[in-house]
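Here is a structure to read slowly, one question at a time. Please look it over before going on to the answers.

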Amino acid sequence: MAENPVNVQAGSAPRPGPPLWLLLELTYRCPLHCAFCYNPTDFARTTAELDTDEWLRVLREARALGAVQLGLSGGEPLARDDLEPIVTEAHRLGFYTNLITSGVGLTEARLKALKQGGLDHIQLSFQDSTQKMNDFLSSTRTFDLKSKVAALIKQYDYPMVLNVVLHRLNIDHVEEILEMALKLGADYVELANTQYYGWAWHNREQLLPSLHQVRRAEQTMQRFRERVGRQMQIYFVVPDYFERRPKACMNGLGSIFLTIAPDGTALPCHAARMLPGLQFPNVRGASIREIWYDSASFNHFRGDEWMKEPCRSCPEKTRDFGGCRCQAYLLTGDAANADPVCDLSPHHHLVTEAVARADRPEPASPRPAAEEKPLVFRSPRNSSTLFP
Amino acid sequence: MNAPLIDATSRPQVGRGFRLQWEAAQNAHVLLYPEGMIKLNGSAGEILKRCDGATTIADITADLERVFAASNLTDDVMRFVTMALEKKWLRIP
């Protein structure tokens, strides 16, 4: 990617390049109720979604700044009945359009219209390889439907990209998951370990796998990869709780990623709304240009002026930007601290203790034992209960 | 699975899931794919934009030699197409 000349503004934040990657969370409505969802647990408070014209304006303004990758997500983006005009306009503007979906609601009629509108790519999520676990983890009955949708995606000549979120309750099924993916004719499989934000954070103790589980899954995946070769490409990223250096989250907040939440709130990452003390702008009240280049909240975590030790004097700060601000906030209470995944962080023990707690006998059934806290599924009702 | 064997009569086209376009903000041809963008140098862009699934490698090469007043580009084009097939930027329909 081209490097942009760094201009120093009145403040200390370096002027970034364009928001190359735009993620539209079109709605928080979703037919699934996944316990590992990263959406905010207070999503039921979100009321008025942007209307079609407002989304189209966001697309035009972001594209004019140089945005080129478009993710259409949610919630379930197919819950919006104007997904087709949104995709059509995005394609006309020159975005690479990627639909990130559970597949629920993807009828042949809609897929045909999306294809005609120029949809480039579809990423289909699966919760597990077995109907029982898939339906339990998403608290719904969708496995058969998803298998049909997978066939439809191939029929319309899209690469078949499966995304399976891994965690304690399904990570031991990696082999079955990959067999299923092969049977469905998947071209790419992303084994995405749960990241602990939103509902997943709320359910972290039930979802965090043990180190043993992670290593075993990695070995299984490696054997499978050797067996099938290039026919199906498998991505597996070790969950950051088991690493000693943090992920370069969002390539640094405010450097390339721009998320627009269903109500029009502009965020430098889809989880950033939780960060305290920052007033994120809304596209109803400001242009994308003003939001990206001029708003205080987008400038806040640019550069390294905000960093504390050990990050500030760390030679690795230009590589990982101190890790994830949301994870720092969730674990330590201060978003400017080093991501505790880093073993140089004075708070690293918070991560190793969570990992140590995960080293307990694995449940024989997906239903947690009576003494364990139950999983709280993502639903408007549970959201309203947590945030009355 | 190895990349398919190609010769001068093969008619490559941009791979499934990839999209090639001129990107003014980058002042370059780019190849877009899920969650990524490859900024192409001049010659890569010129080759790829001729890969329409109908034109043979021989014709692509001849066109490049004409437009850029060059000769003996066959090996360069073949090498690039082979690499691009390997990376799935291109496919043989």
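The questions below go through a sheet, a pair of helices, a loop residue and the contact of two chains.

This is a predicted model, in which local features need pLDDT of at least 70 and side-chain atom pairs count only at pLDDT 80 or more, while totals for chains, interfaces and linings use all residues. Residues are numbered from 1 along each chain as its sequence is written, and chains are lettered from A and ligands numbered from 1 in the order in which they are written.

Q: Which strands stand at the edges of the open sheet in chain A?
A: The nine strands of this open sheet follow the order β7-β6-β5-β4-β3-β2-β1-β8-β9 in chain A, with mixed pairing; strands (E, at least two residues) and helices (H or I, at least four) are DSSP runs numbered from the N terminus, and two strands pair if DSSP finds at least two bridges between them. An edge strand has a single partner, so one of its sides is left without a neighbour in the sheet, and this holds for β7 (233-236) and β9 (266-267) of chain A.

Q: Which residue of β9(A) stands opposite T259(A)?
A: Strand β8 (residues 257-260) of chain A is joined to β9(A) by two bridges, and the two run antiparallel. Opposite T259(A), in β9(A), stands L267(A).

Q: Is α2(B) oblique or roughly parallel to α3(B)?
A: The axes, which are lines fitted to C-alpha atoms over the stretch in contact, with angles from 0 to 180 degrees between N-to-C directions, come within 10 Å and cross at roughly 125° for α2 (residues 57-67) and α3 (residues 74-86) of chain B. Angles under 35 degrees count as roughly parallel, over 145 as roughly antiparallel, 65 to 115 as roughly perpendicular and the rest as oblique. That crossing angle therefore makes α2(B), relative to α3(B), oblique.

Q: Is H33(A) buried, exposed or partly exposed?
A: H33(A) lies in the loop between β1 (21-25) and α1 (52-65) of chain A. A residue is buried with 20 or more other C-beta atoms, placed from the backbone, within 10 Å of its own, exposed with 12 or fewer, and partly exposed in between. Because H33(A) has 18 such neighbours, the residue counts as partly exposed.

Q: How many residues of chain B are in contact with chain A?
A: Contact requires C-beta atoms, placed from the backbone, within 7 Å. On the side of chain A that touches chain B, β3 (96-101) and β4 (121-126) each supply at least two residues. In this contact 19 residues of chain A meet residues of chain B numbering 13.

Key: Two residues are in contact if their C-beta atoms, placed from the backbone, lie within 7 Å.
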